[in-house]
Amino acid sequence: MRKGIVVSAAAAIAVGAFTAVPASAAPRRVHGPNGVTIEIATVNGSGCPTGTAAVAVSDDKEAFTVTYSDYLAQAGGASGPTDFRKNCQIGMKVHVPQGFTYAISSTDYRGFASLEPGASAVEKASYYFQGMSQTSAVSHTLKGQYADNWQFTDTNDVAQLVYKPCGEERNFNVNTELRVLKGSSDPAKTSFISMDSTDGSIKTTYHFAWKQCPPR
């Protein structure tokens with residue numbers, strides 16, 4: 001049986017066509033400002049029924065967390081035909097003080113999995129600003145036999161950071177998916193992967209990269 005896995009991946013960003021900004025007018029990297037708040041605008045998906053997802057900003061304003069309380073995919077045993085795949089899309093309104101903007105520099109995904117020999121599980125995620133190109137989905141795989149916590153970290157290179165346009169209100173959208181494949185495992189036994197936590201100790205953490213916008 002294998003113990004907890006930590007994986008780091010460089011998330012390739014599909015930035016689409018953006019207008020180049022002269023270096024003299026480019027935002028300047030700074031620490032997180034005070035007054036940052038986040039509210040959930042929309043929640044959709046089988047992995048996050050109403051009332052089962054929560055968002056909180058860290059005290060230092062350098063990250064925010066998403067906590068799920070009912071996000072689990074499973075296959076085998078008494079599992080239903082659609083239980084093998086769960087997904088969640090959350091649209092958030094990130095309110096930042098005037099003169100600042102942000103990108104996501106890295107994301108930590110955590111959960112627990114119990115997989116029978118021959119089974120496997122996949123965690124997949126992407127995110128984007130409303131009206132802008134979606135990031136390339138990054139996926140990670142666990143293979144059974146496995147029974148432990150898991151963690152995956154996706155890191156974006158500085159040159160690939162996509163910032164919210166200065167002065168514009170755009171929701172930040174997060175898409176995640178969990179999937180379990182029975183493979184050659186015993187069909188009478190259940191395998192599952194979760195991204196949930198009943199006590200709030202398992203969170204998905206999105207790390208901000210802040211910039212100060214140029215004067216208008």
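This short talk describes the fold, the core and a few individual residues of one protein chain.

Good morning, colleagues. Please keep in mind that the structure before you is a predicted model. I shall begin with the overall fold. The chain has 14 strands and zero helices, so no helix breaks the pattern, which reads β-β-β-β-β-β-β-β-β-β-β-β-β-β along the sequence. Of its 216 residues, 42% count as buried. The chain exposes about 10,700 Å², and carbon and sulfur atoms supply 50% of that area. If we take contacts between residues at least 6 apart in sequence, 82% of them join residues at least 24 apart.

Let me turn to the sheets. As general background, strands of a sheet pair through backbone hydrogen bonds, either parallel or antiparallel. In this chain, five strands form an open sheet in the order S3-S7-S12-S9-S10, and the pairing is antiparallel. Strand S3, residues 37-44, and strand S10, residues 138-143, are the edge strands, each pairing on one side only. On average, neighbouring strands of this sheet are turned by 20 degrees against each other, direction ignored.

Within this sheet, consider S7 and S12. Strand S7 covers residues 85-95 and strand S12 covers residues 172-181; eight bridges join the two, and they run antiparallel. Arg-85, for instance, stands opposite Arg-179 in S12.

Next, strand S14. How much of S14 is covered? Seven of its nine residues are buried, and the strand is thus mostly covered. S14 runs antiparallel to S8, with eight bridges between them, and Thr-101 has Lys-211 in S14 as its bridge partner. S14 also runs antiparallel to S5, through four bridges, and here Thr-65 stands opposite Thr-205 in S14.

I now come to the interior. In soluble globular proteins, nonpolar side chains tend to be buried together. The largest nonpolar core of this model has 38 residues, and those with the most contacts inside it are Phe-64, Tyr-68, Trp-150, Phe-172 and Ile-193. Several strands each supply at least two residues of this core, among them S5, S7, S12 and S14. Which strand gives the largest share? That strand is S8, with five residues.

Phe-172 merits a closer look. This residue is buried, with a relative accessible area of 1%. Leaving aside neighbours within four places in sequence, its contacts include Phe-64, Ile-90, Met-92, Tyr-102 and Tyr-127.

That last name leads us to the aromatic residues. The whole structure holds 16 aromatic pairs. One of them joins Tyr-127 and Phe-172: the ring centres are 5.6 Å apart and the planes stand at 45 degrees, so the pair is tilted. Because Tyr-127 lies in strand S9 and Phe-172 in strand S12, the pair ties together parts that are 45 residues apart in sequence. Tyr-127 is buried too, with a relative accessible area of 10%. Both residues belong to one aromatic cluster, whose members also include Phe-64, Tyr-109, Phe-208 and Trp-210.

Finally, a polar residue of S12. Is Asn-175, which lies in strand S12, buried or exposed? Its relative accessibility is 15%, and Asn-175 therefore counts as buried, the limit being under 20%. Apart from residues up to four places away in sequence, Asn-175 touches Cys-88, Gln-89, Lys-124, Ala-125, Ser-126, Tyr-128 and Gln-134.

Thank you for your attention.

Key. Residues numbered from 1 in each chain as written. Predicted model: local features only at pLDDT ≥ 70, side-chain atom pairs only at ≥ 80, totals over all residues. Heavy atoms only, no water. Pairing = 2+ DSSP bridges. Axes fitted to C-alpha atoms, helices over the stretch in contact; angles between N-to-C directions. Core = buried A, V, L, I, M, F, W, Y, C linked by side-chain atoms within 4.5 Å. Buried < 20%, exposed > 50% of the residue type's maximum accessible area, 1.4 Å probe, protein only. Contact = heavy atoms within 4.5 Å. Phe/Tyr/Trp six-rings, centres within 6.5 Å; stacked < 30°, edge-to-face > 60°. Areas by Shrake-Rupley, 256 points an atom, 1.4 Å probe, with all protein chains shown as cover.
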